[in-house]
Amino acid sequence: MIDRCGRNIDYLRISVTDRCNLRCIYCMPEEGVQHVERSLILQEEEILRICRVMAELGIRKIKLTGGEPLVRPRMPLLVEKLKNMPGIEKVTLTTNGVLLKEQMRDFAQAGLDGLNISLDTMDKACSRRITRRDELGRTLEGIREAQGYPEISLKINCVPLGIPEQDLCQIALIARDHKVHVRFIEMMPIGFGAGLPCLSGPELLERFYRRWPQLQILGKKLPPFSIYEGEPLGNGPCHYYDVEGFSGKIGFISAVSHKFCGECNRIRLTSQGFLKTCLQYAAGRDLRAVIRNGGSDEEMKKVILEALAEKPDGHVFGGSLEKQKEDKTEKLCMAQIGG
Ligand code: SAM
Ligand code: SF4
């Protein structure tokens, strides 16, 4: 699907649930989480139907996310069905890893192509502060288990909050000791992330350079510090660096300091079946309504293309509140949208 800005949209991120077993400070409130009634969440058959129609329109890659996708039952089965769907080339998953150990073998058998595991710190007390739960041990077990399946590409995602307790170099060192790419994701001012401190990609790059002067890209030593010096892998928004002596790469996804909307290839489906064409805006179309009102596949395609025709050129993170209001900025938190 080519949108009005000439961007080829071939990537769909699906939030399969708004529920989660953690309460990360930048993503969910500590208490009083208002869960969506189960009957309003898309059923497996509904997700599959939307994906089939999307594949006919040109979607090739699907990422399953949440909330925490592994709290939803039958996830390996969903992966298997998506992997067998004509047109779909890649199915990947983003998880906090807490429930991964026990499900990893089933995901491998289902043909999962890739796993992103969120890990913001290796320090137990810091993890408790960020996630408001005591589950770091299980996340680390999940990562170890995933490393036993080299056919599934594994990436670690970390949001660098910039708090002194957060051991960011320690997280980066995972890429030295294992063939795993470690990516640092700038906090986006969405939901509970708005107003929280965060290090930008270039700030972090400078910090790492001071620690590892052998940080380089294509044989060129840094500085100057620009995440754009980094090399993309595939067509994702991450810019990667090599560090001599490291098995994996260090990556930066810097949506705020280095907007990449011009290369955006993605759309999102919330757990309630709302199709969002940009992370920042509330605009989109209700595909659950199309299905539950008895709409045909052709009708669904028409609605998807209508939404795509309105995909914004880009976000205005950091714009004035007035501007954001008039721009109909998203009010949902990341756990509801899918990150
Ligand atoms: N529960 C899963 C997990 O944590 O990986 C999947 C859903 S979570 C919403 C997906 C990703 O969004 C996580 O890597 C999380 O760190 C990130 N995230 C959540 N809120 C964010 C924010 N305000 N800015 C940037 N990333 C955020
Ligand atoms: Fe849950 Fe992921 Fe949000 Fe953390 S970032 S609260 S693990 S959905």
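The following questions and answers concern the predicted model shown above. Local features need pLDDT of at least 70, side-chain atom pairs count only at pLDDT 80 or more, and totals for chains, interfaces and linings use all residues. Residues are numbered from 1 along each chain as its sequence is written, and side-chain values use heavy atoms, with hydrogens and water left out.

User: How many helices and strands are there in the protein?
Analyst: Both are DSSP runs numbered from the N terminus: helices are H or I with at least four residues, and strands are E with at least two. By that rule the protein has twelve helices and 14 strands.

User: What percentage of the residues count as buried?
Analyst: Buried means under 20% relative accessible area, exposed over 50%, and partly exposed in between (1.4 Å probe, protein chains only). Of the 339 residues, the buried share is 56%.

User: Which helix gives the most residues to the largest nonpolar core?
Analyst: A nonpolar core is a set of buried Ala, Val, Leu, Ile, Met, Phe, Trp, Tyr and Cys residues joined through side-chain atoms within 4.5 Å. The largest one holds 103 residues, and Met54 is among the five that touch the most other members. With eight residues, the leading contributor is helix α1 (residues 44-57).

User: How many disulfides are there?
Analyst: A disulfide is a pair of cysteine sulfur atoms within 2.5 Å. For Cys126, the nearest cysteine sulfur, that of Cys158, is 9.2 Å away. The count of disulfides is zero.

User: Is Cys126 buried or exposed?
Analyst: The relative accessible area of Cys126 is 2%. Because this value is under 20%, Cys126 is buried.

Notes: Chains are lettered from A and ligands numbered from 1 in the order in which they are written.
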